[in-house]
Amino acid sequence: MVIQRIQSLFLLVAAVLLTVFIFAVPVASVPDALDANSLSAVYVTDVTELLVINAIVAALLLVCIFLFKNLKMQIKATLLTILLLVVSMATGAFILSSKMPEGTEVAWAGSAIITVLALIFALAAWSRMRRDQRTLRSLDRLR
């Protein structure tokens, strides 16, 4: 019953993108407290809430890869992951805009694109899973 699978690759790419987002790239740049003319980078690891949510999403993406024997469960887990990814993006925008002191402008880094790409890959994987499910249903009708 396994029609494997480009969606596993999509899920893996999404997990790798989130891992890069967590550990490698700055999320935003804020004015330095000591020198107003310089900017200091803010990473996901600096904001505990973002770190926890994104680590959970990355772990769920990896778990979804290994749920290939149970397609219904894989689809549900992927939908949960997509929902958590959207929550992560909204939480990140809210936290970074609200935690900064008054008058401080946040310069958003291009790393927000990484989460959007991870969301696109997760949606592509979900779409392929749905296609597999439809194929299996049509094959069951033929028996």
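Let's start with Thr-81, which is buried, with a relative accessible area of 0%. This threonine lies in helix α3. Please keep in mind that we are looking at a predicted model. So who surrounds Thr-81? Which residues is Thr-81 in contact with, leaving aside its neighbours within four places in sequence? They are Val-57, Leu-60, Leu-61 and Cys-64. Those four also appear among the α2 residues that make the contact with α3, and Thr-81 is listed on the α3 side.

Let me step back and show you the whole chain. The protein has 143 residues, and 35% of them are buried. How many helices and strands are there? There are four helices and three strands, and along the sequence they follow the pattern α-β-β-α-α-β-α. Now take the contacts between residues at least 6 apart in sequence: 71% of these join residues at least 24 apart.

Back to α2 and α3, the pair around our threonine. Two packed helices are described by the angle between their axes and the distance between the axes. For α2 and α3, the angle is about 160° and the axes are 9 Å apart. An angle over 145 degrees counts as roughly antiparallel, so α2 is roughly antiparallel to α3. The crossing of α2 past α3 is left-handed. From α2, the contact includes Glu-49, Leu-50, Ile-53 and Asn-54; from α3, it includes Ala-77, Leu-84, Ser-88 and Ile-95. What classes do the residues of the contact of α2 with α3 divide into? We find 13 nonpolar, seven polar and one charged.

Next, helix α1, residues 6-23. Its 18 residues reach 26 Å from the first C-alpha to the last, close to the 26 Å expected at 1.5 Å a residue. Several residues of α1 are buried, among them Leu-11, Ala-14, Ala-15, Leu-18, Phe-21 and Ile-22. If you are wondering about the spacing in that list, here is a handy rule. An α-helix has 3.6 residues a turn, so residues three or four places apart point the same way.

And what does α1 pack on? Helix α2, residues 48-65, lies at an angle of about 160° to α1, with their axes 9 Å apart. That makes α1 roughly antiparallel to α2, and α1 passes α2 in a left-handed crossing. On the α1 side, the contact includes Leu-11, Ala-14, Ala-15, Leu-18, Phe-21 and Ile-22, residues we have just met as buried. On the α2 side, you can look for Leu-51, Ala-55, Ala-58 and Leu-62, among others. By class, this contact has 15 nonpolar, three polar and no charged residues.

Finally, let's return to α3, residues 71-98, and visit two lysines. Lys-72 is found in this helix, and so is Lys-76. Are they buried or exposed? Lys-72 counts as exposed because its relative accessibility is 57%, and the cut-off for exposed is over 50%. Lys-76 is exposed as well, with a relative accessible area of 60%. Each one also has a partner from further along the chain to look at. The C-alpha atoms of Lys-72 and Gln-133 are separated by 8.2 Å, although the two residues are 61 apart along the chain. Lys-76 and Trp-126 are 50 residues apart in sequence and 9.2 Å apart in space, C-alpha to C-alpha.

So, on helix α3, we have seen Thr-81 buried, and Lys-72 and Lys-76 exposed. Thanks for listening!

Conventions:
Residues numbered from 1 in each chain as written. Predicted model: local features only at pLDDT ≥ 70, side-chain atom pairs only at ≥ 80, totals over all residues. Heavy atoms only, no water. Expected span 1.5 Å × (residues − 1). Buried < 20%, exposed > 50% of the residue type's maximum accessible area, 1.4 Å probe, protein only. Axes fitted to C-alpha atoms, helices over the stretch in contact; angles between N-to-C directions. Parallel < 35°, antiparallel > 145°, perpendicular 65-115°, else oblique. Left-handed = near helix turned anticlockwise from the far one by under 90°. Contact = heavy atoms within 4.5 Å. Nonpolar A, V, L, I, M, F, W, Y, C, P; charged D, E, K, R; others polar.
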